[in-house]
Amino acid sequence: MDTFFKSPSSSSSRSSWSYDTLKNFREISPLVQNHIKLVYFTLCCAVVAAAVGAFLHVLWNIGGFLTTVASIGSMFWLLSTPPFEEQKRLSLLMASALFQGASIGPLIGLAFAIDPGLIIGAFVATSLAFACFSAVALVARRREYLYLGGLLSSWLSILMWLHSDSSLFGGSIALFKFELYFGLLVFVGYVIVDTQVIIERAHFGDLDYVKHALTLFTDLAAIFVRILNIMKDVGRAMIFNSSRQASPIMAHA
């Protein structure tokens, strides 16, 4: 509501954006800044573990239902482990990420069969999206986007209901595409909200970097799966269209 009653001076100061705004971390204390660095470093290690899991699936075809259950089980085990058992929790995070990567392996295999460049493109697009929206959360005022949490939770509930409905009763291609794009929007929003929640909790003394890295890794994996699915469908459509255009030429020849 307060956005409708802002003075002209406040709106003009907001519009006077400059490059220095990107370097404005005055609202984030040095302790919290170090915590954020540790969270992102741990997140990078989890991404490497997921890549190893996907590679293991390519070698031995291990990805599937069991690896998904193992990933979720490792995640809950991590969350139930006391924070002082740091090495154990780090190992559980890496195990959960590795099993998650193996679970994504079948999708990566399908994309690789269409065009190996899709995997690199999806990874780059995911990294750019994650970096941009994380930067938005970091340079924004504290608590500015926390109000989106309730809205995103409602959208996530709708997304889960649509996914369950299509899994049980079957769904159309249009519904599947809607789930992809709507889910991508939801999890990109969660990157902003979760980053600000992590910053806010760190300001109040919650410096559990392993749990915070797990939160961001979940967002990152969800974004990657949806971007790769979208690029896979686009690549398949392009191959189908090119084959249709080539068939009349071959017939006339």
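**Entry 1: a loop residue**

I started at Asn61, which sits in the loop between α2 (30-60) and α3 (65-79). The model I am reading is predicted. I looked up the backbone there: phi of Asn61 is near 55°, a positive value in a residue other than glycine. Most residues other than glycine have a negative phi, and most peptide bonds are trans. I noted the sign for that reason. Is Asn61 buried or exposed? Asn61 is exposed, because its relative accessible area of 59% is over the 50% cut-off.

**Entry 2: the whole chain**

Next I stepped back to the fold. I count eight helices and zero strands in the chain. Along the sequence the pattern reads α-α-α-α-α-α-α-α. The chain has 253 residues, and 36% of them count as buried. I also looked at the contacts with a separation of 6 or more: residues 24 or more positions apart account for 84% of them. The exposed area of the chain is about 15000 Å². Carbon and sulfur atoms supply 71% of that area.

**Entry 3: the record against the model**

I pulled the UniProt entry, which is unreviewed. Under "transmembrane region" it lists residues 38-56, 62-80, 92-112, 118-138, 145-162 and 168-193. I checked two of these ranges in the model. Over residues 62-80 the chain is 79% helix and 0% strand. The end C-alpha atoms of that range are 27 Å apart. Over residues 92-112 the chain is 100% helix and 0% strand. Here the end C-alpha atoms are 29 Å apart.

**Entry 4: α7 and what follows**

What span should α7 have at 1.5 Å a residue? Its 31 residues should span 45 Å. The end C-alpha atoms of α7 are 45 Å apart, so the model agrees with the expected value. After α7 comes Gly205, with a positive phi near 100°.

I then moved on to Asp208, in the loop between α7 (173-203) and α8 (209-252). Asp208 counts as buried, because its relative accessibility is 12% and the cut-off is under 20%. Which residues does Asp208 touch, not counting those up to four places away in sequence? I found His35 and Arg89.

**Entry 5: aromatic pairs**

I searched for ring pairs and the structure holds three aromatic pairs. I wrote up two, beginning with Tyr40 and Phe130. Their ring centres are 6.4 Å apart and their planes stand at 80°, so I logged the pair as edge-to-face. Tyr40 lies in helix α2 and Phe130 in helix α5 (residues 117-139), so the pair ties together parts that are 90 residues apart in sequence. Tyr40 counts as buried at 19% relative accessibility. Phe130 is buried too, with a relative accessible area of 8%.

The pair of Phe178 and Phe182 is stacked: 5.3 Å centre to centre, with 10° between the planes. Both residues lie in helix α7, four residues apart, about one turn of the helix. An α-helix has 3.6 residues a turn, so residues three or four places apart point the same way. I checked cover for each ring. Phe178 is partly exposed, with a relative accessible area of 43%. Phe182 counts as buried at 14% relative accessibility.

**Entry 6: Leu162 and α7**

I followed Phe178 to a partner in another helix. Leu162 is found in helix α6 (residues 148-169). Its relative accessible area is 11%, so Leu162 is buried. Not counting residues up to four places away in sequence, Leu162 touches Leu175, Phe178 and Glu179. How far apart are Leu162 and Glu179 in space, C-alpha to C-alpha? I read 7.4 Å, for residues 17 apart in sequence.

**Entry 7: cysteines**

Last, I looked for disulfides. The count is zero, with a sulfur-to-sulfur cut-off of 2.5 Å. Cys45 is in no disulfide; the nearest cysteine sulfur, that of Cys44, is 7.0 Å away. I looked up the accessibility of two cysteines. Cys45 is partly exposed, with a relative accessible area of 29%. Cys132 is also partly exposed, with a relative accessible area of 48%.

Note on methods
Residues are numbered from 1 along each chain as its sequence is written. This is a predicted model: local features need pLDDT of at least 70, side-chain atom pairs count only at pLDDT 80 or more; totals for chains, interfaces and linings use all residues. Side-chain values use heavy atoms; hydrogens and water are left out. Helices (H or I, at least four residues) and strands (E, at least two) are DSSP runs, numbered from the N terminus. Buried means under 20% relative accessible area, exposed over 50%, partly exposed in between (1.4 Å probe, protein chains only). Contact means heavy atoms within 4.5 Å. Accessible areas come from the Shrake-Rupley method with a 1.4 Å probe; for residues, only the protein chains shown count as cover. The expected span of a helix is 1.5 Å times one less than its number of residues. UniProt positions are given in the numbering used here, feature names are shortened, and annotations may be inferred rather than shown by experiment. Rings of Phe, Tyr and Trp (its six-membered ring) pair if their centres lie within 6.5 Å; planes under 30 degrees apart count as stacked, over 60 as edge-to-face and the rest as tilted.
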